[in-house]
Amino acid sequence: MEAKIWANSGDSHFLEPADLFQRLLPKDLADRMPRTVKSDDGTKETVYIDGKSFERPLPKPIREGEFKGQTISTLSMRPPGSGNTHERLKDLDQEGIWGEITFPSLGLWANLIKDPVLVREGSKALNDWAKHEIQDVAPDRLIATAMLPLLDVNDAAAETYRAKERGFYAVYMPTVPPAGQPTYNNDYWEPLWAAIEETGLILTIHIGTDGDPVVFRGSGGAVLNYVDTTYGGQRATTQLIAGGALDRHPDLKVLIAEGGAAWAPFLGDRMNEGYRQHGMFVRPKLSMLPKEYIYRQVYVSFQHDETAVQTVTGMGYQNVMFGSDYPHLEGTYGHTQKTLHELFDDASPAVRHRVTVGAFLDLFPHIGEPPGNVKTIH
């Protein structure tokens, strides 16, 4: 039997209770916060947000062996710990995941809220719940990300300071700001960047949060739409660098979750070319070439990418970390060990450690090294 490879995960999600906001907020606010209702047959769900609703189909569970050559071993779309922290720890022990960053689920819809008071109070409620129900249950393993209310930059900065006071290690933002707000290269966001740097929190940006996930229809639509979700993290990175945010705030660290790895050096090359060859148009002037900010301050997580290890060894980009994307369909639950062995059996011990553990600990050193031989005790 192959030895278990233990890894930290730079990406996972927690499915909050459907009635979370009804429990935590006054009724007039709770009824307008994001909630989802499944159809009786489980084929679709209706999403309700701030007085509006839309319906979307749900994928059916994939069973082992259903698709030839596909690495699938889960029998359910919802692993036991998807919405239960104690059960999650059992799943993580089984999969060989030690430390883990968790992103909200209901919170991913927050950009569709139009009322700044609603999103501010909803963010506070969700964050307090996540800190208590996720991070506090396993503070040596789980890192909850605090959602920021982005309809007002001052509210977002205030929630950053509040998150720090309550013991968070990271804040979360989507790849794009809410409709009507300036993009992240605009100086409007400067109070937020300053707050994140001052608190020492990690800025996490999760891909697939641009808006409507269905951009393409027809032949190849499923693959086209999935690939399209990756670009948002790259655009956000470009905006933070080209707009000067990472230049003005050298201690601000950014994690682009679930977007893969090899794009980061390429994006740096492309930005360098534009910065040099079109220098007469470039504003603001930066103290370094754009690619250097990626290598200094931007981290990325991936699940299955065969090129991820080569990005470290061949391109010298060290800020690459594994992420299981638990419990999502495109994640590694049920075959995490198979995936880790395929990725790292031929890698050097130093590279394996860097990608499975080291880059994660750059951002969250309090988690520490995964024990060499962890026994399931939960």
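Which helix gives the largest share of the nonpolar patch? Helix α7, residues 221-228, supplies three residues, and that is the largest share. The model described here is predicted. This briefing covers that patch, then salt bridges, a cavity, and some backbone features.

**Nonpolar surface patch**

- Val-223, Tyr-226, Val-227 and Tyr-231 make a nonpolar patch on the surface. The area of this patch is about 360 Å².
- Val-223 is part of helix α7.
- Val-223 has a relative accessible area of 57%, so this residue counts as exposed.

**Salt bridges: the count and a network**

- Side chains of opposite charge can pair when their charged atoms come close.
- The structure has 22 salt bridges by the rule used here.
- One network of salt bridges links five named residues: Asp-128, Glu-159, Arg-162, Glu-165 and Arg-166.

**Salt bridge between Asp-155 and Arg-120**

- Asp-155 pairs with Arg-120 in a salt bridge, and their closest N and O atoms are 3.9 Å apart.
- This pair links distant parts of the chain, with the two positions 35 residues apart in numbering. Asp-155 sits in helix α5 (residues 153-165), and Arg-120 sits in helix α4 (residues 116-135).
- Is Asp-155 buried or exposed? Asp-155 counts as buried because its relative accessibility is 17%, and the cut-off for buried is under 20%.
- Arg-120 has a relative accessibility of 27%, so Arg-120 counts as partly exposed.

**Salt bridge between Asp-187 and Arg-248**

- A salt bridge joins the side chains of Asp-187 and Arg-248, at 3.8 Å from N to O.
- Here too the pair links distant parts of the chain, 61 residues apart. Asp-187 is in the loop between β7 (170-174) and α6 (190-199). Arg-248 is in helix α9 (residues 245-248).
- Asp-187 counts as exposed because its relative accessibility is 53%, and exposed means over 50%.
- Arg-248 is partly exposed, with a relative accessible area of 36%.

**Salt bridge between Glu-273 and Arg-270**

- Glu-273 and Arg-270 form a salt bridge, with the closest N and O atoms 3.7 Å apart.
- Where do Glu-273 and Arg-270 lie? Both are in helix α10 (residues 263-277). They are three residues apart, about one turn of the helix.
- Glu-273 is partly exposed, at a relative accessible area of 40%.
- Arg-270 has 55% relative accessibility, so Arg-270 counts as exposed.

**Cavities**

- Rolling a probe the size of a water molecule over the atoms shows where empty space is left.
- How many cavities of 30 Å³ or more does a search of the whole structure find? The search finds four.
- The second largest cavity holds about 80 Å³ of space.
- The lining of the second largest cavity is made by 13 residues. Ala-110, Asn-111, Leu-148, Leu-150 and Pro-174 are the ones nearest the centre of this cavity.
- Strand β7 gives the most to this lining, with three residues.
- Eleven residues of the lining are nonpolar, two are polar, and none is charged.

**Cis peptide bonds**

- Most residues other than glycine have a negative phi, and most peptide bonds are trans.
- The peptide bond joining Arg-283 and Pro-284 is cis, with omega about -5°. Pro-284 is found in the loop between α10 and α11 (290-297).
- A second cis peptide bond runs from Tyr-326 to Pro-327, with omega near 0°. Pro-327 lies in the loop between β11 (320-322) and α13 (336-344).

**Positive phi angles**

- Glu-258 is not a glycine, yet its phi is positive, at about 75°. The loop between β9 (254-257) and α10 holds Glu-258.
- Glu-258 is buried because its relative accessible area is 6%.
- Asp-325 is not a glycine either, and its phi is positive, at about 55°. Asp-325 lies in the loop between β11 and α13. Pro-327 is also found in the loop between β11 and α13.
- Is Asp-325 buried or exposed? Asp-325 has a relative accessible area of 0%, so Asp-325 is buried.

Definitions and conventions
Residues are numbered from 1 along each chain as its sequence is written. This is a predicted model: local features need pLDDT of at least 70, side-chain atom pairs count only at pLDDT 80 or more; totals for chains, interfaces and linings use all residues. Side-chain values use heavy atoms; hydrogens and water are left out. Patches are made of residues with over 30% relative accessible area and no salt bridge: like charges are joined within 9 Å, nonpolar side chains (Val, Leu, Ile, Met, Phe, Trp, Tyr) within 5 Å. Accessible areas come from the Shrake-Rupley method with a 1.4 Å probe; for residues, only the protein chains shown count as cover. A salt bridge is a side-chain nitrogen of Lys or Arg within 4 Å of a carboxyl oxygen of Asp or Glu. Helices (H or I, at least four residues) and strands (E, at least two) are DSSP runs, numbered from the N terminus. Buried means under 20% relative accessible area, exposed over 50%, partly exposed in between (1.4 Å probe, protein chains only). On a 1 Å grid over the protein atoms alone, a cavity is a set of points where a 1.4 Å probe fits but cannot get out, and a pocket is an open set with protein on both sides within 12 Å along at least five of seven lines; lining residues have an atom within 4 Å of a point. Grid points are joined across faces, edges and corners, and a volume is the space filled by probe spheres set on the points. Ala, Val, Leu, Ile, Met, Phe, Trp, Tyr, Cys and Pro count as nonpolar, Asp, Glu, Lys and Arg as charged, and the others, Gly among them, as polar.
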